[in-house]
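Student: Could you take me through one part of this model at close range? I'd like to settle on a single strand and work outward from there.

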Amino acid sequence: MKRLQVLQRHCTSCSNLNRSEDAESTITPHIVIIGGAVLDIQATATTCNLLRGGSVPGTIRHVPGGVGRNIAEGLGRLLRPSLDNNHSTLLPTVAFASVVGNDAAGLQIIDSLTTLGVSTKAVAVQPLMRTPSVSIIFDRSGEVSACVADLASLEAAFTPSLLDRHTQIAELLRQASVVVVEANLPSSVIQAVARTLSLSSCDKKKRTFPSSPGAPNSDRTRPECIVIMEPVSVPKSLRLLDSLALCPATFVTPNTAELMAMAQELRQRKDGGGGGSDNGGEQSEEQTEEGKNVREGKGREGKSRRKNADRQGIHPYHVEVVQSIPSSAVSSPLSATPPPSPSPPTSSTTPLPLPAVVLGAAAEVILAGAAGVILTMGSDGVALITPFSSVSSPSSPSPSPSPSPTKSVLDLEINHLAALPATVVNLSGAGDTFVAGFASAVAMMALEGRARDGTIGSGSAFKAALGMGVAAATRAVESASNVPNDDSFAWGNEELQEAARRAQKSNRWSRVRVVV
């Protein structure tokens with residue numbers, strides 16, 4: 001019966017560009033996600049190991065996927081009204097913008113989000129397009145054994161001209177307070193989105209913060225729009241570079257390998273030998289078993305490449321610790337109280353909070369225009385890296401050795417949260433769910449009026465939001481699905497909030513000075 005209903009809708013549907021307004025059209029979103037949506041075809045061996053050239057017993061599932069769609073689902077589940085709070089908490093609303101085909105897979109993707117309360121009025125249904133799909137084969141242990149991604153239709157259909165035609169997307173961007181963009185989109189589209197946000201940024205501070213009817217303090221001034229850019233993979237991370245400086249509050253969420261690739265490309269551009277920022281081809285790294293392992297640090301190849309990325313000297317950075325305090329002295333999550341101001345260390349041998357090459361790479365990305373780097377490190381936790389003072393000129397006081405006229409000095413603040421203990425079941429959606437948890441907390445604080453000005457990114461709001469991101473990601477690795485789908489995965493769930501508080505209490509805070 002369900003299949004018949006989907007097919008019936010498929011036969012009678014038309015382009016989403018012209019579909020009639022419904023109840024969701026009245027939603028004023030606080031969070032907008034722009035990215036890819038695909039149908040995941042997941043095959044898992046169950047009773048014996050995979051056999052090359054032969055078949056084995058197992059299970060096959062067709063489930064909605066895609067980085068952008070996964071983040072939207074995570075936000076939809078987190079921010080849906082829960083039984084725990086009896087609908088008493090005002091929650092941010094969520095909208096998703098993407099392109100799907102006019103087929104059963106595309107309609108399944110839309111339905112998977114609308115049932116969670118996510119607005120899909122900006123999902124364009126293209127009559128002549130096939131919905132992208134990804135075929136993944138898992139071995140008995142749950143590790144990815146092989147993966148083939150057919151994403152060409154997404155890149156061909158999602159163009160800057162579509163943004164111009166689909167006026168609802170531009171309107172969503174003008175209304176949003178948090179925007180998430182992921183690098184499955186062509187770099188031209190990412191730049192177009194960033195330019196739209198940049199053009200509307202001056203107007204944002206004059207408008208009232210979007211709120212639900214009856215919300216308290218509904219006339220307060222909007223905070224600056226926060227932009228979160230998810231690199232997706234090593235090759236596609238370069239697509240973000242030309243958009244970093246277009247918006248004043250852009251944060252990127254790379255893993256170590258993606259951060260190193262972005263920094264190396266920026267360094268090559270400075271040296272006059274940079275490549276293009278849109279080299280995510282048909283056979284990109286994340287479409288192979290090796291690329292998946294590298295991205296998630298799994299398997300011998302993945303662990304080796306992640307280790308090499310940590311050690312690789314992109315550039316001879318000089319880094320020294322300026323201030324440091326232990327995790328026990330850091331304020332708890334969702335607290336507006338900043339950490340105490342410690343004295344500078346007395347020893348020049350104080351260990352760095354992260355490898356020097358990683359801190360140098362983060363400095364490169366921040367100097368290119370990002371407001372900060374949110375570095376995801378799997379079992380090593382997550383680190384928020386932001387500048388805490390202006391870039392120094394060569395004549396300013398600086399660590400030894402003194403920078404040359406071609407170098408800059410950047411002071412960075414690091415908030416490093418440890419990963420929570422977890423029984424790992426599935427690693428495929430942890431990064432997407434972290435972004436969802438993080439974005440939900442930032443939007444909640446803005447909605448509650450705890451971030452009324454443009455300092456939201458460098459203030460306590462982002463530090464507190466890290467805890468919710470870690471808690472959400474922990475739930476994801478313990479779930480068999482890409483995004484946790486049980487009722488306890490909701491903002492009002494006290495166990496989830498307690499996990500966020502435990503994560504925040506692990507914060508190791510420090511400040512360093514980097515010569516780039």
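Student: In which sense do β4 and β5 pair, and over how many bridges?

Tutor: Happy to! One word before we start: this is a predicted model, so please read everything below as computed from that prediction.

Your two strands pair in the parallel sense, and six bridges hold the pairing of β4 with β5. If you want one spot to click on, try Ala-97, which stands opposite Ala-122 in β5. As general background, strands of a sheet pair through backbone hydrogen bonds, and they can do this either parallel or antiparallel.

Now stay with β4 itself, which covers residues 94–101. Is β4 mostly covered or mostly exposed? Mostly covered: eight of its eight residues are buried. The burial applies to both faces. One side carries Val-94, Phe-96, Ser-98 and Val-100, and the other carries Ala-95, Ala-97, Val-99 and Gly-101. Ala-97, our marker for the pairing with β5, therefore belongs to the face that also holds Ala-95, Val-99 and Gly-101, with relative accessible area under 20% being the cut-off for calling a residue buried.

β4 has another partner to look at, strand β1. β1 and β4 run parallel and are joined by four bridges. Here the residue to find is Phe-96 in β4, with Ile-33 of β1 standing opposite. β1 spans residues 31–34, and both of its faces are covered. Ile-31 and Ile-33 lie on one side, Val-32 and Ile-34 lie on the other, and each of these four is buried.

Step once more, from β1 to β8 (residues 178–182). This pairing is parallel as well, again over four bridges. Val-32 stands opposite Val-179 in β8. Put together, β1 pairs with β8 and with β4, while β4 also pairs with β5.

What leads into β5 along the chain? The loop between α3 (104–114) and β5 (119–126) is where you will find Val-118. Is Val-118 buried or exposed? Buried, because its relative accessible area is 1%, and the cut-off for that label is under 20%. Val-118 also brings us to another stretch of chain: its C-alpha atom is 7.7 Å from that of Glu-73, although these two residues are 45 positions apart in sequence.

Glu-73 sits in helix α2 (residues 67–78), so let's see how that helix meets α3. The two pack with their axes 9 Å apart and at an angle of about 25°. That angle makes α2 roughly parallel to α3. The contacting residues are Arg-69, Ala-72 and Glu-73 from α2, and Ile-109, Ser-112 and Leu-113 from α3.

For contrast, turn to the sheet with the order β3-β2-β6-β7. This four-stranded sheet is open, and its pairing is mixed. β3 (58–65) and β7 (144–150) are the edge strands; each has a single partner, so one side of each is left without a neighbour in the sheet. From one strand to the next, the twist averages 15°. Within this sheet, β6 (residues 133–138) pairs with β7 in the antiparallel sense over six bridges, and Phe-138 stands opposite Val-144 there.

A second helix pair is also worth a click. α9 (residues 256–270) and α12 (residues 356–367) have axes 8 Å apart and pack at an angle of about 60°. This makes α9 oblique to α12, and the crossing is left-handed. Among the residues that meet here are Leu-259, Met-260 and Leu-266 in α9, and Val-357, Ala-361 and Val-365 in α12.

Finally, zoom out. The chain has 15 helices and 15 strands. Of its 516 residues, 55% count as buried. Among contacts with a separation of 6 or more, 77% are between residues 24 or more positions apart. Back where we began, β4 has eight of its eight residues buried, with β5 as a parallel partner over six bridges.

Conventions: Residues numbered from 1 in each chain as written. Predicted model: local features only at pLDDT ≥ 70, side-chain atom pairs only at ≥ 80, totals over all residues. Heavy atoms only, no water. Buried < 20%, exposed > 50% of the residue type's maximum accessible area, 1.4 Å probe, protein only. Pairing = 2+ DSSP bridges. Axes fitted to C-alpha atoms, helices over the stretch in contact; angles between N-to-C directions. Parallel < 35°, antiparallel > 145°, perpendicular 65-115°, else oblique. Left-handed = near helix turned anticlockwise from the far one by under 90°. Contact = heavy atoms within 4.5 Å.
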